[in-house]
Amino acid sequence: MKCHRCGGTMVFEKFYGVCDEFFGWRCIFCGEIVDQVILENRLEHHR
Ligand SMILES: [Zn+2]
């Protein structure tokens, strides 16, 4: 998994949201966070 902003390495992490927790990818270089919802939105955008 590469960061779409800087091309850096992304790590799979657990995040804590407002009312529940979720898993997503975080870029260790620029801090970009991509979660499942964002990924799905992006995939739909490509269609
Ligand atoms: Zn990045």
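Trainee: Which residues does C3 touch, not counting residues up to four places away in sequence?

Mentor: Leaving out residues up to four places away in sequence, C3 touches G8, M10, C27, F29, C30 and E32. "Touch" is used for a contact, where the C-beta atoms of two residues, placed from the backbone, lie within 7 Å. Keep in mind that this is a predicted model, where local features need pLDDT of at least 70, side-chain atom pairs count only at pLDDT 80 or more, and totals for chains, interfaces and linings use all residues. The numbering runs from 1 along each chain as its sequence is written.

Trainee: And where does C3 sit, and how far is C3 from C30?

Mentor: C3 belongs to the segment before β1. Its C-alpha atom and that of C30 are separated by 8.6 Å, though the two residues are 27 apart along the chain.

Trainee: Why is C3 called partly exposed?

Mentor: Count the other C-beta atoms within 10 Å of its own, with C-beta atoms placed from the backbone: 20 or more makes a residue buried, 12 or fewer makes it exposed, and in between is partly exposed. C3 has 18, so it counts as partly exposed.

Trainee: What makes M1 exposed, then?

Mentor: M1 has 11 C-beta neighbours inside 10 Å, so it falls on the exposed side of the cut-off. M1 is also in the segment before β1. Beyond residues up to four places away in sequence, M1 touches M10 and W25. The C-alpha atoms of M1 and F12 are 9.0 Å apart, with their positions 11 residues apart along the chain.

Trainee: How much of the protein is buried?

Mentor: Buried residues make up 6% of the 47 residues.

Trainee: How do you know what the overall pattern of helices and strands is?

Mentor: You read the DSSP runs: helices are H or I over at least four residues, strands are E over at least two, and numbering starts from the N terminus. Here that gives one helix and three strands. Along the sequence the order is β-β-β-α. The C-alpha atoms fill a box of roughly 30 × 30 × 15 Å along the principal axes.

Trainee: Why are β1 and β2 called a pair?

Mentor: Two strands pair if DSSP finds at least two bridges between them. β1 and β2 have seven bridges, in the antiparallel sense, so they clear that bar. In that pair, F15 stands opposite F22 in β2, and Y16 stands opposite E21 in β2. The two strands form a hairpin with four residues between them.

Trainee: What makes β2 and β3 count as a pair too?

Mentor: β2 (residues 21–27) and β3 share three bridges, again antiparallel, so the requirement of at least two is met. W25 stands opposite V34 in β3. This hairpin has five residues between its strands, and G31 takes a positive phi near 85 degrees there.

Trainee: Why do β1 and β3 end up at the edges of the sheet?

Mentor: The open sheet has three strands in the order β1-β2-β3, with antiparallel pairing. β1 (10–16) and β3 (33–35) each have a single partner strand, so one side of each is left without a neighbour in the sheet. The twist averages 40 degrees from one strand to the next; such angles run from 0 to 180 degrees between N-to-C directions, with axes being lines fitted to C-alpha atoms (for helices, over the stretch in contact).

Trainee: Which label does E21 get, buried or exposed, and why?

Mentor: E21, in strand β2, has 8 other C-beta atoms within 10 Å, so the label is exposed. With residues up to four places away in sequence left out, E21 touches K14, F15 and Y16. The C-alpha atoms of E21 and L43 are 22 Å apart, and the residues are 22 apart along the chain.

Trainee: And why does E13 get the label partly exposed?

Mentor: E13 is in strand β1. It has 13 C-beta neighbours inside 10 Å, so it counts as partly exposed. Setting aside residues up to four places away in sequence, E13 touches G24 and R26. Its C-alpha atom lies 9.6 Å from that of D35, 22 residues away along the chain.

Trainee: What share of the contacts joins residues 24 or more positions apart?

Mentor: Among contacts with a separation of 6 or more, those residues account for 19%.
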